[in-house]
Amino acid sequence: MNLAPPLDDALKDALDRAADEMPSAAQRRPDPLALVIFGASGDLASRKLLPALARQARLGHLPDGFSVVGVARSIMGDDGFRDLCRGVEGAEDNPRWDQFAGRFRYVAGDYGDPATFEQLASVLADVDVTCGTAGNRVYYLATNPDLFGTVARGLAAFKANEPGSGGSFARLVVEKPFGIDLDSARQLDRELHECFHEEQIFRIDHYMGKETVQNVLALRFANAIFEPIWNRRYVDHVQVTVAEELGVEHRGNFYEHAGALRDIVQNHVMQVLALTLMEPPATMEGNSIRDEKVKVLRSVVIPGSDQEVDRVVRAQYVRGKANEIELPGYREEEGVDPASLTETYVAMQLAVDNWRWAGVPIFVRTGKRLVRRETQVVMVFQRPPHLPFAGQLTRDLSTDALVLRIQPDEGISLCFGAKVPGPSFTVRTVSMDFSYSQAFPGGTAEAYERLLLDAMTGDPMLFIRTDEVEQAWHIVAPIQDAFAEGEPPLARYPVGTWGPIEADRLIESSNRQWRTP
Ligand code: BG6
């Protein structure tokens with residue numbers, strides 16, 4: 001058995017001092033643990049998970065007793081995996097990560113083969129001794145979703161799903177998609193719950209790890225000035241835009257079976273909406289927030305429950321120019337059926353039937369290959385009851401709005417009317433801006449850094465509970481059914497635009513307009 005080299009003492013002292021100077025980081029340092037990544041040779045591990053860990057190592061957030069055990073089908077030894085880990089973004093000039101990586105282990109094998117889990121169990125027992133990981137485990141499912149149940153069963157067969165007798169923990173982190181519809185989501189949950197308790201399961205929606213998404217909670221509940229107007233008396237309507245400039249890249253095969261509704265609306269949009277519209281939680285404790293999120297999701301009127309699914313637009317991008325460059329349409333992308341009916345854009349109007357939001361339309365749109373990457377929530381306020389200015393003086397005055405810019409230019413803008421200097425009483429819209437990068441020049445952490453740290457410390461607040469997943473599927477189910485039957489007809493939009501004309505008509509039919517970012 002190889003004993004891993006202890007962390008260099010001087011380096012350890014320096015990092016401990018740094019952690020002490022950052023109280024939040026020091027308080028959040030997880031207990032010793034082994035992080036087992038299933039799908040360790042894949043894209044998610046090398047693009048997101050390992051770089052997030054490397055950054056945490058640099059910041060001194062990882063416990064001394066820490067190791068990563070990679071599991072995947074690719075043939076590779078411990079050294080190959082260590083090289084992979086040392087080559088990820090954030091690994092350069094990072095001596096602590098370099099030292100950690102020297103202890104990492106790798107198990108090559110098939111997830112359906114008990115021998116893989118037998119070998120994993122023996123490696124983990126070894127790592128407890130060599131790296132001091134104290135029997136604590138976080139299992140991260142970064143594999144193809146079809147394998148989630150198989151891996152959970154493989155772990156259970158070796159009792160790796162059970163917390164140890166000495167109080168050690170075993171947690172399971174699950175990546176989206178959680179099923180492809182309500183039935184498959186329930187089936188997946190049954191499979192996971194056969195092996196793990198709900199409290200052990202940490203479902204990731206990476207939008208919940210974004211600082212600006214969490215800041216919706218701070219804005220609403222750490223201030224007294226917004227909450228009194230956060231309701232139907234002052235808000236005319238709400239808009240959520242998740243716009244992407246990228247197309248499907250090399251994921252055509254995957255995307256063909258997903259589409260914008262499953263890929264973005266069922267998860268990211270529903271999470272952002274839930275935080276924006278929910279009631280104040282009693283505390284910031286995980287279940288307190290999740291109770292409120294699920295409550296408001298239950299108040300979303302299920303489209304089609306009392307009417308046809310007619311407030312929905314689905315569309316696909318066609319060849320066009322973006323920034324002077326001609327780009328192919330969706331049907332021309334690699335891995336995509338040339339007659340595909342998969343939607344790359346969805347717009348819809350939702351309603352929330354509760355005391356706070358009754359009668360306030362919620363407009364949502366998301367799409368790929370739009371003008372630029374931009375995610376934002378806009379609370380559009382009602383017009384003043386009477387404008388005492390002559391008509392043309394307010395020509396450039398739009399309704400007041402609070403814009404929560406989730407990405408990429410993270411911040412908040414309050415748009416309101418101001419007098420234009422000069423002899424006339426012309427009023428036009430101006431904006432007051434808060435910018436994250438100016439207020440907090442240190443930069444914000446990547447979503448996966450926060451989520452990994454929370455999974456390792458066992459804080460469930462930002463993870464998605466089973467009832468939330470189910471309710472979000474309930475909301476989109478009738479729309480999925482309608483899409484499957486070819487309704488509404490698939491619209492088209494050229495690459496590099498803000499989407500199809502049908503989406504403009506959707507919102508304009510109620511005398512409103514999209515707030516183009
Ligand atoms: C993922 C989707 O969940 O989110 C992708 O599968 C999408 O299709 C991505 O591109 C968007 O995430 P972000 O953080 O870039 O907004």
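Me: What makes contacts in the protein chain count as joining residues far apart in sequence, and how many do?
Reply: This is a predicted model, and the tally takes contacts between residues at least 6 apart in sequence. Of those, 77% join residues at least 24 apart.

Me: Why is the protein chain called as compact as a globular protein of that length?
Reply: First, the make-up: the chain has 16 helices and 17 strands. Its radius of gyration is 25 Å, and the globule rule gives 24 Å for 517 residues; the two are close, so the chain is as compact as a globular protein of that length. As for the box, the C-alpha atoms fill roughly 85 × 55 × 50 Å along the principal axes.

Me: Why is Cys-85 called buried?
Reply: Buried means under 20% relative accessible area. Cys-85 comes in at 0%, so it's buried.

Me: And what makes Cys-415 buried or exposed?
Reply: Its relative accessible area is 10%, and the cut-off for buried is under 20%. So Cys-415 counts as buried too. Across the chain, buried residues make up 53% of the 517.

Me: How do you know whether Cys-85 is bonded to or free of Cys-131?
Reply: A disulfide needs two cysteine sulfur atoms within 2.5 Å. The closest cysteine sulfur to that of Cys-85 is in Cys-131, 13 Å away, so that's too far for a bond. The structure as a whole holds zero disulfides.

Me: What about the surface and the charges?
Reply: The accessible surface comes to about 22,800 Å², and 51% of that belongs to carbon and sulfur atoms. There are 54 positive and 74 negative charges, with mean positions 5 Å apart.

Methods:
Residues are numbered from 1 along each chain as its sequence is written. This is a predicted model: local features need pLDDT of at least 70, side-chain atom pairs count only at pLDDT 80 or more; totals for chains, interfaces and linings use all residues. Side-chain values use heavy atoms; hydrogens and water are left out. Helices (H or I, at least four residues) and strands (E, at least two) are DSSP runs, numbered from the N terminus. The radius of gyration is taken over C-alpha atoms; the globule rule is 2.2 Å times the number of residues to the power 0.38. Buried means under 20% relative accessible area, exposed over 50%, partly exposed in between (1.4 Å probe, protein chains only). Contact means heavy atoms within 4.5 Å. Accessible areas come from the Shrake-Rupley method with a 1.4 Å probe; for residues, only the protein chains shown count as cover. Lys and Arg count as positive and Asp and Glu as negative; His and the chain ends are not counted. The place of a charge is taken as NZ of Lys, CZ of Arg, CG of Asp or CD of Glu.
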